[in-house]
Structures are given as structure tokens and as C-alpha cells.
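Q: Can you walk me through the backbone oddities in this one? I have not looked at it before.

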Amino acid sequence: MATIMDGKALAAEIDKTTTVRIQRLADQGIVPGLVVILVGDDPASKIYVRNKERRAKKMKINSIVRNLPDTISEADLIKIIQTYNENPTIHAILVQLPLPAHINEFNVTNAIAPEKDADGFHPTNIGKLVINHTEKTPIACTPQGIMSIFNAYHIDLDGKKAVVVGRSTIVGKPMAALLVNANATVTVAHSHTHNLSQLTREADILVVAVGIAKYIKEADVKSDAVVIDVGMDRDVNGKLVGDVDFAEVERKASYITPVPKGVGPMTITTLISQTVALAEWSSEKNG
Ligand SMILES: Nc1nc(=O)c2c([nH]1)NC[C@@H]1CN(c3ccc(C(=O)N[C@@H](CCC(=O)O)C(=O)O)cc3)C=[N+]21
């Protein structure tokens, strides 16, 4: 049976360190400010926003949620982002994805000041990640949270075969870059991949972010693989489940993350610590 990697417990551990950093900023009269912009209502975004708000309140960062109607124009959304770029009390800006179809995601992430980019989705920050020049650079919170899980459980990535299933901007692509930077041999699979199961069965490290409930079965996994489940899906009874069939795969993997209480809480912890980092970097620059 696999060791279950407890994202919730690890998140609480990291939050303790972040709380000390928040206190240190408070001593200088700085409260980290995060604005979350939510356009319309996507169900996964709603869970995220609710849990984020809860944690931000507890940790005394100033978190603002800006709800906008899904009829807003791209130009008006970009104008709102620019007001936060210029607002010195805001250190981090996050625009929830996906956006409605009439709004271009690239134009929106490109409008966020790179030094206030809570998600690390600005092209400049993605470029730095790919080049592996990540000092004082925000990085996508879900993949970065997964790297913290590997680190906490002493999972060695060097020379390992890693397969990332999913090529999204928010998980798959930045995850692949982080794994390459950690010296893993990385394959990115997606909906056009042939013989997916054959590929996933070779993975020492398997990261799944496809958005299909219980998609990965025992037969798709190598014995003693490390399995990371990024899914936030509903099963037939409406229960929150991952992309991995946990009951099956738990028997074969060496390590596995559950859903809930795996990757999700680590995404939020990373967002909070990254917001604090953006506030710290800005205060260093401004004296
Ligand atoms: N710009 C942007 N950045 C994102 O990082 C982003 C996004 N847009 N859009 C939506 C997705 C989804 N996402 C979640 C993060 C944590 C939980 C989370 O807290 N999960 C708990 C759920 C527990 C419960 O049911 O409350 C858990 O897994 O234990 C959920 C979903 C971030 N996303």
C-alpha cells in the first residue's frame, strides 16, 4: 500500500513559516495585499476562492475578491487590472481562469505587472521558469505546491522518468518545466497522445491533470510509482474525486496524493506564500 502524501498537513506546516514572514512585514508596517478577480462563475474557481479567503483571513493578509459579470469586455477587465498594477497596497493580482470565451487569456495575463503576478502566468515569468532563472520569480502555484510535496517526502527526481498528463498553462506546462529543471526526464501527454497507458506505465513520477474523474487505473501505473493527482472532479454521486482511481492505484503506487487534502491545499499555501514573497521583494526594492 502506498504512503498517502498529506497535502493538508504539509500546508499547515508551511503556513507556520509564512505566518512568521507576515509578522516580520507587519513590523515594517506592510500588510501583503492580494486581489482575486473572478469573472462569471466556474465551479472549480468557486471552491478555490472560498478556501483562499478562509486561509487569507486566518493568516492576516489583505485579500480582496473582485467579482465581475461575465459580460465585461476584455478592455474593461484590463483597465481594472491596471488600477491594481498602480495600487501600492496590492502586491499580488490573480485572475481566475478559465475566462469567458470572448476574453483572450493571453492579453489578460500579459496586462498583469510581472512583479505582481500571483500565479506566475505572465509571459516574462513563464520565460524565466523555462530558462531556469527563477530567483525572485513567481511560479504557477499548483506545480510549485507539488514540488514542495516532493521535497517534503524526499522524492528524488534526478534522472527519473516523469510523465505529466495534461498540457494546460496553469498546471501541465509549468509542471513539466519544473521537473526538467529538477533533472527529471519528462514526457508531456495530452488528449492527442497515442497509447497513453503504455506511456504512464513507464513513469516513476506520474502527475495527472486532465479533469476526468478516476481516469487513471491500476493498470496504467508502474509498481512503486509516485502518483500526483491534480483532478477536482465530481463522481456520479456528486462527491469530489480526482483524476486517479485512488482505491485501485493506492495498492500499486509507493506514494500517492489524495483528493481532497492533497494538491488543493498546497496550491493555496503556495499562493499565500508567493503573495508574501511578492510583498517582500517589493519592500526590498523600495527600501
Ligand atoms: N488563475 C488561476 N489559478 C489557479 O490556481 C486556479 C484557477 N485560476 N482556477 C481554478 C483552479 C482550481 N484551483 C483550486 C485550488 C485549490 C482547491 C482546493 O482548495 N481544494 C481542496 C477542496 C476541499 C473542499 O472541498 O473544500 C482540496 O483539494 O482539499 C481547489 C481548486 C485553482 N485554480
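A: What follows is a short run through some unusual backbone spots.
A: This is a predicted model, where local features need pLDDT of at least 70, side-chain atom pairs count only at pLDDT 80 or more, and totals for chains, interfaces and linings use all residues. Residues are numbered from 1 along each chain as its sequence is written.

Q: OK. Which bond joins leucine 97 and proline 98?
A: A cis peptide bond, with omega about 0 degrees.

Q: Where does proline 98 lie?
A: In the loop between β4 (92–95) and α4 (105–111). Helices (H or I, at least four residues) and strands (E, at least two) are DSSP runs, numbered from the N terminus.

Q: And what about valine 259 and proline 260?
A: A cis peptide bond joins them too, and omega there is about -5 degrees. Proline 260 is in the loop between β11 (255–256) and α10 (263–286).

Q: Switching to phi: what is it for lysine 60?
A: Positive, about 60 degrees, although lysine 60 is not a glycine. Its place is in the loop between α2 (43–58) and β3 (62–68).

Q: Why does lysine 60 count as partly exposed?
A: Because it has 14 C-beta neighbours inside 10 Å. A residue is buried if 20 or more other C-beta atoms lie within 10 Å of its own, exposed if 12 or fewer, and partly exposed in between; C-beta atoms are placed from the backbone.

Q: What is the phi of lysine 214?
A: About 50 degrees, so positive, although lysine 214 is not a glycine either.

Q: Where is that one?
A: Lysine 214 is in the loop between β7 (205–208) and β8 (226–229). With 18 other C-beta atoms within 10 Å, lysine 214 is partly exposed.
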